[in-house]
Amino acid sequence: MDSIFNLFVRSIFIDNMIFAYFLGMCSFLAVSKTVKTSVGLGIAVTFVLIITAPINWFVDTYLLKEGALKWLGPDYADVDLSYLSFIIFIAVIAAMVQLVEMVVEKVSPPLYNALGIFLPLIAVNCAILGVALFVQEREYTNVGEVMAYSFGSGLGWFLAIVGFAAIREKIKYSNIPAPLRGLGIAFITTGLMAIAFMSFMGIKI
Amino acid sequence: MSNFKLLKAPFNMENPITVQVLGICSALAVTVQIKPAIVMALSVTVVTAFSNLIISALRNTIPGRIRIIVQLVVIAALVIIVDQLLKAYVYDVSKKLSVFVGLIITNCILMGRLEAFAMANKPWPSFVDGIGNGLGYGLILVIVAFIRELLGSGSFFGHRIIPQWLYDAGYMDNGLMILPPMALITIGTIIWLQRSKNRDLIEK
């Protein structure tokens, strides 16, 4: 249990999706104008991550990895389909996003109104595919670890975008050199936030 | 627009990273050294050019409602080819790029150019546009990687170029340049420089 909790904390603060790997930067910069919309997008990303990462992990472990098809019989024991993983992962993500959108629309219209516009954006958010690929590369061995990692990454992304949006709301009123306005200062602010997050490095629980 | 203009525009006035804000996601993490940055830039250029070409050739037959899925499939297939080639010929760089080759799929440059250009133009101009945008993206990548490698580890392409007497005189490599935050700040500074040269890019 100890290591799963550690993984969870690590993925929020130290291996933060935005500050350590720059994943999901496009939507991070585009949708962080106000705190309210960034909360919506942050929740949507976390939600989709918790669903897609374990599914992709199951697909990888039982279908794609070298020797993963052993359960079909000994003939399949040395089949290696891992070169297909990119296309399968992105297909799973796109399909799940679509499915989540339909389910949320049916089950909870208020939630749909809050998240609806963000869901199509998420299919091409690098953070989602990034987590799936990191899970594959780091060879997590059980679904608990994958859940902890994906939830933590989502939460880390959420924290990053909400914090950034809050800073950006204040930046609007400051006097910035003209060529730095907008994108330039956004990058530098993110960089400074990343330096702040580096202070979590080395924490072990 | 002439083909030459299409090729040239992404280098400055329509740069994918600093002006269109596309494809930052997987770009920054590969800029610690020049070599991976160049490999990454070439991979993205190849994928952008050919996905633009293919989608543009198919643009009249793709139903509008499922175009995103079609685009993703084309991109993913191309990225798989690139990934396999990298693994076969430059294995060490491919290991260093790790998941970021796969992340070319969700690189916003691809979807952005497909939606904005290839869906509305003939195959040849789309191909040129893809090459231009890939190289414009690569240019920023290489500049950032050059600055980070020079200041961070005092080397260029893995060869030490800062002379020993400078170290003896008390110069030190800036370890912070190798860490992720400095990639962001370096790009921020590049944007600043570019916009102070081209004042019509300034946001109000």
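Ala, Val, Leu, Ile, Met, Phe, Trp, Tyr, Cys and Pro are counted here as nonpolar, Asp, Glu, Lys and Arg as charged, and the others, Gly among them, as polar. With these classes in hand, the interface and the empty spaces of the structure, which is a predicted model, can be described in turn.

Chain A contains nine helices and zero strands, and its pattern, read along the sequence, is accordingly written α-α-α-α-α-α-α-α-α. Taken along the principal axes, the box filled by the C-alpha atoms of chain A is roughly 70 × 45 × 30 Å.

The two chains meet at an interface in which 44 residues of chain B are in contact with 40 residues of chain A. The size of an interface is often given as the accessible area lost when the parts come together. By that reckoning, about 3500 Å² is buried between chain B and chain A, and 85% of this area lies on carbon and sulfur atoms. Between chain B and chain A the count of salt bridges is zero, and the rule likewise finds zero residue pairs in polar contact across the interface, where both residues must be at pLDDT 80 or more. On the side of chain B that touches chain A, at least two residues are supplied by each of α3, α5 and α8 (180-197) of chain B, with α8(B) giving the largest share, 12 residues. Divided by class, this side of chain B has 30 nonpolar, nine polar and five charged residues.

Rolling a probe the size of a water molecule over the atoms shows where empty space is left. The largest pocket holds about 1100 Å³ of space, and its lining is made up of 47 residues, of which A:C26, A:S27, A:A30, A:V31 and A:L121 lie nearest the centre. Both chains take part in this lining, since two or more residues come from each of α2 (25-30), α4 (85-107), α6 (119-122), α8 (143-171) and α9 (183-197) of chain A, together with α3 (67-89) and α5 (108-116) of chain B. The lining of the largest pocket comprises 26 nonpolar, 11 polar and 10 charged residues.

The second largest pocket, with about 620 Å³ of space, is lined by 21 residues, and those nearest its centre are A:S82, A:Q136, A:E137, B:K87 and B:K95. At least two residues of this lining are supplied by each of α4 and α7 (126-138) of chain A and by each of α3 and α4 (91-97) of chain B. In the lining of the second largest pocket there are six nonpolar, seven polar and eight charged residues.

Apart from the pockets, the structure holds one cavity of 30 Å³ or more, and the volume of the largest cavity is about 30 Å³. The residues that line the largest cavity are A:W57, A:D60, A:T61, A:K65, A:V135, A:Q136, A:E139 and A:Y140. Of the elements involved, α3 (35-64) and α7 of chain A each contribute at least two residues to this lining, and the largest share, three residues, is that of α3(A). By class, the lining of the largest cavity consists of three nonpolar, two polar and three charged residues. A:Q136 thus appears both among the residues nearest the centre of the second largest pocket and in the lining of the largest cavity.

Terms used. Residues numbered from 1 in each chain as written. Chains lettered and ligands numbered in written order. Predicted model: local features only at pLDDT ≥ 70, side-chain atom pairs only at ≥ 80, totals over all residues. Heavy atoms only, no water. 1 Å grid on protein atoms, 1.4 Å probe; cavity = no way out; pocket = protein on both sides within 12 Å on 5 of 7 lines; lining within 4 Å. Points joined across faces, edges and corners; volume = space filled by probe spheres on them. Helix = DSSP H or I, 4+ residues; strand = E, 2+ residues; numbered from the N terminus. Contact = heavy atoms within 4.5 Å. Buried area = accessible area lost by both parts, 1.4 Å probe. Salt bridge = Lys/Arg side-chain N within 4 Å of Asp/Glu carboxyl O. Polar contact = N/O pair within 3.5 Å; in protein donor to acceptor, adjacent residues only side chain to side chain.
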